[in-house]
Amino acid sequence: MRFFYAPMTYHAILAAPFGQLGLIADADALLAVHFLIEPQPVLMPPPGSLAAEAAHQLSAYFADPTFRFDLPLRPVGTPFQQQVWREIAAIPFGETCSYGELAERTGSVARAVGGACGRNPLPIIIPCHRVLAQRGLGGFNRSIESPTVSIKHWLLVHEGALLL
């Protein structure tokens, strides 16, 4: 499970409808979004910083699921992971696809695509929650349990891709 328990060096910590998010950025790109399991003090980034813009855009998305992110991103991963993340980023708002469909697009297998989804360092922004199992939601953030799958469910309902 990729929830983070111990404090890390975050550039912003913001409230989300399902908990908190920790953001890691440098001057040029957003590097990671972490789901935080234990409540942390809200950390407001310096005005004008990339972390401040990322926090602003995530808040806008939580208010309006049709909001389109416009952030410089630098997800670190293997060439295959990068390919999968590009395919995920192309899934339109309000739509989903299966791990198998992504596997066909990348010339791979569903299990490998699932592994790449689980290693996505920028969940929500690279919307891996839009990738579903053949039957059911599938996993999220390297887990098939709550609270991660509950977050995936919330995001899909928020976007209108899944009914309550």
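What covers the buried residues of α3? In this predicted model, the cover includes α2 (79-89), β4 (97-98), α4 (110-118), β5 (131-132) and α5 (148-158). The buried residues themselves are Tyr99, Leu102, Ala103 and Thr106, within a helix that spans residues 99-106. They lie on the same side of α3, because they cover an arc of only 105° around the axis. Just after the helix comes Gly107, with a positive phi of about 70°.

Two of the covering helices, α2 and α4, also pack on each other. Their axes lie 9 Å apart and make an angle of about 80°. Helix α2 is therefore roughly perpendicular to α4. From α2, the contact is made by Phe80, Gln81, Val84, Trp85 and Ile88. From α4, Ala112, Val113, Ala116 and Cys117 take part. Of the residues in this contact, 8 are nonpolar and 1 is polar. No charged residue belongs to the contact of α2 with α4.

The model also contains an open sheet of 3 strands. Its order is β1-β2-β3, with antiparallel pairing. Strands β1 (12-16) and β3 (30-36) form the edges, and each pairs on one side only. Neighbouring strands of the sheet are turned by 25° against each other on average, direction ignored. Helix α1 (residues 50-63) packs on this sheet and touches β1, β2 and β3. The direction of α1 makes about 145° with that of β2.

Within the sheet, β2 and β3 form a hairpin, with 4 residues between the two strands. Strand β2 covers residues 19-25 and runs antiparallel to β3. The two strands are joined by 6 bridges. Among the paired residues, Leu21 has Phe35 of β3 as its bridge partner. Ala25 has Leu30 of β3 as its partner.

Is the edge strand β3 largely enclosed or left open by the rest of the structure? It is largely enclosed, because 6 of its 7 residues are buried. Buried here means under 20% relative accessible area. Strand β3 thus combines two features: pairing on one side only, and burial of 6 of its 7 residues. In a regular strand, side chains alternate between the two faces of the sheet. One of the elements packed on this sheet is helix α1, whose contacts include β3.

Terms used. Residues numbered from 1 in each chain as written. Heavy atoms only, no water. Buried < 20%, exposed > 50% of the residue type's maximum accessible area, 1.4 Å probe, protein only. Arc of directions from axis to C-beta. Contact = heavy atoms within 4.5 Å. Pairing = 2+ DSSP bridges. Axes fitted to C-alpha atoms, helices over the stretch in contact; angles between N-to-C directions. Parallel < 35°, antiparallel > 145°, perpendicular 65-115°, else oblique. Nonpolar A, V, L, I, M, F, W, Y, C, P; charged D, E, K, R; others polar.
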